Amino acid sequence: MRPSNKRLLRRFSERQFHIYSFFIPVFVMTAIFAILQVHPFASGENMILTVDCYHQYAPFLLELRNKILGGESLFFSWNVGLGTNFWAVFANYSASPLNILCIFFPAKYIGDCVALLAILRCGLTGLFMSYLLKELDKDRKDLLLTSFSCFYALCGWTISYFWNIMWHDAVMLLPLIVLGLIKMFRDKKPLLYCISLAVCLISNFYSGYFICLFLIFYAPILYISITKKITIQNFWSAVWRFGLYSLISGGLSAFLTVSTYFTLQKSSATGTAFPKEFAVQNDLFDFISRFMIGQNPNIRDGMANVYSGLFVLILIPLFFLCKKIRLREKIAYGVGLSIMYISLSSRMMTFIWHGFHFPNQIPYRQAFLFSFLMVVMGYKVLRNLGSFSKTELMAPCLCLIAYLILYEKVGEGQEGYLQIILSFIFLIIYTTVMRVIGEKKRSAMFQQILLFCVLSAELVASTFSTVSLVAAHESFTGWDFYGSHYDEVQMLMEESEAKNEYGFERSEIYPAYICNQPALYNMKGISIFTSTARESFVKFIRNLGFHNNGINSMRNFGLTKVTATLLGVRNMFDIYKTSPVPQGFEQVENDTELRQFVNPDSLSVGYMVDPAVLTYKMNQTSVPFLSINAFVKSMGVSKDVYIPMKASFDMVEGLEADGGQERTGYKYTVEDGKTASLVLTPIDPQKGDHLYLYVVSNKPPKVTINEQRMQPLEMKETKITARASQIIDLGFYDPEFTKVITLDFKDKELNGNLWVQLVRSDEEAYQEMVDVLSDEQLKITSYDSTHLEGVITAKQPGAMFLTIPYDESWTATVDGVAAEIKPIDDAFMAIEMSSGTHTVQLAYHPTKFKLCVMISVASLIALVLFTLTRKLFEHIDYKKSLEEAEDAEQIDEQEDAVEENEVNTQETADANPEVTSQETSDEQEAMDKPEESESVTVEKDESVSPEGTEEA
């Protein structure tokens, strides 16, 4: 065999169990995706884009891809919510270094990219964990090292949130961070800890916050467990290193995290009141069920996903009984486990762990930390199983079997019979395995292979069952729709904007199945769903009749001709040709399979309005038609664009009339626990009236529009699935047809009060609005992702309204002179203008970004200086140790020479006794003559040491 092949085999042999720790999770996840027909595996009908990955992570990943390939700035994006701070979006959703792989996947295949990233992260998690466990186990490597690494890689958090490419980097990097912490405490080498923690914070500051909070109490636990003798000196040495290099890690990430912090101050992620009660919410008995095989994946609500291997759970009681684990280590890990349990049970602790904010679904996002602790503790016991008796080994298994029997009878958790049966089967198997280990009749290799096989079977069973439950409960969406007709949409948008004399226009996609659909299609749109969204903007938009949650999202459901014109939405593309596109727009022909509708009245991104808009405050009313009328009037339009209409209400069920009027809406009280419905008919509509409906309720209705004509007989039925807080388009009124609208509330959770308002759009007022606002528009001459330049002619002094969400990071100049950007109700922007023609320039730069970069640069310099200083001292110490070693070696050589001389002398004496006798007599003579003896001694001393001369 060639030497190179031998080296290769030797390296593989040394690293084989780390390699297995990577490839086993990769293989398991890949196989499961193939079985579940995830594209491109098998028939490829599905993709793993579920929950927020569907609406947020994938669209933002594609936006990142387009920016990288297009050479655009990451600071701002026009493709999210009329324009938003993308730097904060990037920090929260897409900053993971692994996401660079997205550049190889076009829009249609972004789902495949997410699947690949999920698989890779699982593999890397197992790989990094294997290096940590090896370090904790005196560099021992075998199949059991691989098994426990894989159990962490495919813990309950991972197999429930495998689609969550946003937070998984923290799970993946935690073992490296802890490994770096060990090297810093033990070897005084902080580089791995500092860099891995910084990368974690950069990848996602939110999950990085979990890690930082965890390290506050885990660092002392780790210090206690790895330090043989704790002294005041090494304790304070560990404390200042931990504090200093943690601070440097935070500083390295400041260019992204601190800058995002300023943005979050205006979002819904801040401002929640601190809870006053500490009460524990979860029952401990039911909580134990979350460690069973095939746990129900709690994504919307429920207890934490803490599964980390049934065998690991069996080992935890043995951790506290093991005689070979020091008492202080048992106490430390016991305290850590208790803290994590309380963190997953207390409402107050939940608030703190989630950044002083209660999460909206996806509960207990820090649960992977519990699994990490469990795996580390279990692995420490695994290496000491030989110290237990057979009875001690089997006792935890038998206790858990008894627990399962009781749980089926009295447990109130959400686990089903699948989990109970799987766990029961494996507990029987583990009981048998523990018996074999306890009897000590089989070889260590046999025990290891037997345990590895059972652990591998559990790993596959748990992963497959939980991932399948995610697919069943949350659904794996169809692959075909996502990113469909991307190239055609791009072509039509470019053609349309090239013809637009104002050089800037927005578009929307239908059907609007995806919250951030404009980001997915790389188009300037209005829809948005992101935790970094400005809350004041979303609330303002809510009062314009758009479907939204009032916190951080809004979509194009509820778009009307009025709001489309005001916000500059020009194009609407229908992918399926059957989607419910808002009515009143012109359909244009094209050479694609898409339907394209155009709003010829759409306004530019900036236009002159009455200066009264500068002091406008949106009235937080539940009737958007009144809000729109007031907003349009503040711009200088004299008439209301929406006119309230009377309606008759028939066949009312589950509701009780409670007053109201056509201007503010008709009020009904809901009868609790009942389904409700009502039928309404417009009173005295005119031919061509465009009718709209708005319903205020905690649950949206299903709307059915029935139109009937008697001569000749014709019936039409239109069904609309309305969303919450949206204006419902009822179409145009034709006097030849009787129009009847039915509202069905099938959800029994409907409660409280219900308001219904019917209006018509006033075409004359709408035309006045278009004439007044389109007369003086900003003509865009150039723009990119962070700059916009144009020319506007103001006939008289006023305000230029900008359909851009307000953000303090914008700066403006008018004719080269800095101009103040004024917020309109903290939602939109405006600039005061004098009469005449002006050149306007807008530039976007994240707030205090330079300061944040300076912090990061200073932290990097500090890290380099500390590293070089440490290396210098290490070099000095090394040279000193070498010199000491050389001196010691010289002394040893001299001692050896003296000994050799004495030996030679003795040998000579033995061989020639006469000479010896003569020398002895000579020595005796010398003793009799002190002066001569003294001079001989001096000469001898001079040849050894100068100090001897002075003494003589």
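In the predicted model, residue Y783 has L788 of β22 as its bridge partner. This bridge belongs to the pairing of β21 with strand β22 (residues 787-794), which runs in the antiparallel sense over four bridges. Both strands are part of an open sheet of five strands, arranged in the order β21-β22-β28-β24-β25 with antiparallel pairing. Because β21 (779-783) and β25 (817-819) each have a single partner strand, they stand at the edges, and one side of each is left without a neighbour in the sheet. Within this sheet, neighbouring strands are turned against each other by 25° on average, direction ignored.

A further open sheet is built from four strands in the order β3-β6-β8-β7, and here the pairing is mixed. Its edge strands are β3 (506-510) and β7 (586-588), each of which pairs on one side only, and the twist from one strand to the next averages 30°. At the β7 edge, three bridges join β7 to strand β8 (residues 595-598), the two strands running antiparallel, and E586 is placed opposite V598 of β8.

Helix α20 lies across β3, β6 (569-574) and β8 of this sheet, and runs at about 155° to β6. Residue Y486 is located in this helix, which comprises residues 486-499. Its relative accessible area is 14%, and Y486 is therefore classed as buried. When neighbours within four places in sequence are left aside, Y486 is in contact with L62, N66, A107, L520, Y521 and N522. One of these partners, Y521, is 35 residues from Y486 along the chain, yet the C-alpha atoms of the two residues are separated by 6.2 Å.

Antiparallel pairing is also found between strand β15 (residues 690-696) and β18, which are linked over four bridges; in this pair, L691 stands opposite G731 of β18. Strand β18 (residues 728-732) is mostly covered, since four of its five residues are buried.

Among the helices, α4 (residues 110-136) and α7 (residues 168-187) pack at an angle of about 20°, with their axes 8 Å apart. The two helices are therefore roughly parallel to each other, and α4 passes α7 in a left-handed crossing. On the α4 side, the residues that make the contact include R121, C122, L124, T125, F128 and M129, whereas those contributed by α7 include H168, D169, V171, M172, L173 and P175. Further along the two helices, the contact also includes Y131, L132, E135 and L136 of α4, together with L176, V178, L179, I182, K183 and R186 of α7.

With regard to the cysteines, a disulfide is a covalent bond between the sulfur atoms of two cysteines. With a cut-off of 2.5 Å between the sulfur atoms, the count of disulfides comes to zero. For C194, the closest cysteine sulfur is that of C212, and because the two sulfur atoms are 11 Å apart, they are too far from each other for a bond. C399 is likewise in no disulfide, the nearest cysteine sulfur, that of C397, being 9.1 Å away. The two residues C194 and C399 contrast in their surroundings: C194 is buried, with a relative accessible area of 0%, whereas C399 counts as exposed at 53% relative accessibility.

Note on methods: Residues numbered from 1 in each chain as written. Predicted model: local features only at pLDDT ≥ 70, side-chain atom pairs only at ≥ 80, totals over all residues. Heavy atoms only, no water. Buried < 20%, exposed > 50% of the residue type's maximum accessible area, 1.4 Å probe, protein only. Pairing = 2+ DSSP bridges. Axes fitted to C-alpha atoms, helices over the stretch in contact; angles between N-to-C directions. Parallel < 35°, antiparallel > 145°, perpendicular 65-115°, else oblique. Left-handed = near helix turned anticlockwise from the far one by under 90°. Contact = heavy atoms within 4.5 Å.
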